[in-house]
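Okay, thanks for squeezing me in, everyone. Let me put the structure up on the screen, and then we'll walk through a few parts of it.

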Amino acid sequence: MGTDQTLHRPGTPLAGQATQELQPASGAAVECFALTKAFGSRLALDAIDLQVPLGSIFGFVGPNGAGKTTLLRILTGLSRATAGSVRLLGRDLRPDDPAIRREIGYLPDVPAFYDWMSASQALRLAGLLSGLDGAEARTRIRDVLDLVQLEDSEQRIAKYSRGMRQRLGVAQALINSPKLLLLDEPTSALDPAGRKELLDFIVTLRGQTTVFFSTHILGDVERVCDHVAVLDRGKILSQSTMGELRARHGQQVIAVEVTERAPELASSIAGSPWALSVHPGPRGEIMVRASDPPAAQHAIPRLVAEAGVGLVRMESSELSLEDVFMELTGEQPK
């Protein structure tokens, strides 16, 4: 994918659109206050508070069913909250405010199109809904199709693969050069090369367009996001910069593999003052997150010797978002 600068000029007004810039006094592109969504007795969102800084690439992560898509549907006006309030780009979210919709691009988890249309026809319709027409619309359509590597042909969308539909969905979300770009699982149907190209493009938007990036693929968030919030069972468990998140949860994880009686050794390690968390690893090793890694590295061999077991392996690695995610949600990320 290319990175043509004509695609993401957030300050460029569209045809028929007001030129007044939205500069929220709070410095947040998205603000949620005690936002709640109930489906009968089940709470999909449980009084969440959320702030997405202007110009950030914000990772919104959680397991499938955590409530991520529910929030995105509320932000786009496709669903209404049961309680609480939302501000987008400094304005209260209201169903009767079409101007704010023209400032937003949205990619749903499964993009839907009229199958009898071609890609350019679908984008022309999306442009018209955003007040984009004429020569400018034709230029934008050509540019976004080039960006997502789709040909401007007369092939009907009905013949598109899932990956091609996903690429067209990205193009549609970008057609109006949005100030706020909402992406719901944007890389889910892309092959490795397409996924890398899309993530590389998202990085180019930092500081220009606010990107709200919902996903359960933690590696994608770690690669491109500067802020992150973790959602589980409708509740926000953590929200901060990536650096603050790692600082809060420690910087290193120590993997300890022994010949036998790993649970007993794990209990012994967990009783040490520097042990922040101790849990089993994917291959039966003991994963230790320490507040003082040097102290842990000195003490663990002694604890192994005292337990009377053999030490097979002990190695340190940088804390990953997967480590934090598992600690916060209590489950292995998918």
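Let's start with a pair of residues: Phe-39 stands opposite Arg-42 in β2. Keep in mind as we go that this is a predicted model.

So what are those two part of? Strand β1, residues 28–39, pairs with strand β2, residues 42–53, in the antiparallel sense, and there are eight bridges between them. Together they make a hairpin with two residues between the strands. If you click on Gly-40 in that hairpin, you'll find a positive phi near 65 degrees.

Now, β1 has another partner. It also pairs with strand β4, residues 83–88, again antiparallel, this time over five bridges. If you want a spot to look at there, Cys-32 stands opposite Val-86 in β4.

Okay, on to the pockets. As a reminder of the idea, rolling a probe the size of a water molecule over the atoms shows where empty space is left.

The largest pocket comes out at a volume of about 650 Å³. Which residues lie nearest its centre? Those are Tyr-106, Ala-126, Leu-129, Ser-130 and Gln-172, out of 23 that line the pocket. Several elements chip in: α2 (98–101), β6 (104–107), α3 (119–129) and α5 (162–174) each supply at least two lining residues. The largest share is from α3, with four. As for chemistry, the lining of this pocket splits into 16 nonpolar, five polar and two charged residues.

Then there's the second largest pocket, with about 290 Å³ of space. It's lined by 14 residues, and the closest to its centre are Arg-80, Ala-81, Leu-93, Arg-94 and Pro-95. Here we meet β4 again, which gives the most to this lining, three residues. The breakdown for this second pocket is six nonpolar, four polar and four charged.

Last stop, helix α10, residues 293–307. How far apart are its end C-alpha atoms? At 1.5 Å a residue, its 15 residues should span 21 Å, and the ends are indeed 21 Å apart, so the two agree. There is a kink in α10, though: about 25 degrees at Ala-299, shortly before the proline Pro-301. Ala-299 is also one of the buried residues of this helix. The others on that list are Pro-293, Ala-296, Ile-300, Leu-303 and Val-304.

That's my tour, folks. Happy to go back to any of it on the screen.

Notes: Residues numbered from 1 in each chain as written. Predicted model: local features only at pLDDT ≥ 70, side-chain atom pairs only at ≥ 80, totals over all residues. Heavy atoms only, no water. Pairing = 2+ DSSP bridges. 1 Å grid on protein atoms, 1.4 Å probe; cavity = no way out; pocket = protein on both sides within 12 Å on 5 of 7 lines; lining within 4 Å. Points joined across faces, edges and corners; volume = space filled by probe spheres on them. Nonpolar A, V, L, I, M, F, W, Y, C, P; charged D, E, K, R; others polar. Expected span 1.5 Å × (residues − 1). Bend = angle between axes of the 7 residues up to and from the residue. Buried < 20%, exposed > 50% of the residue type's maximum accessible area, 1.4 Å probe, protein only.
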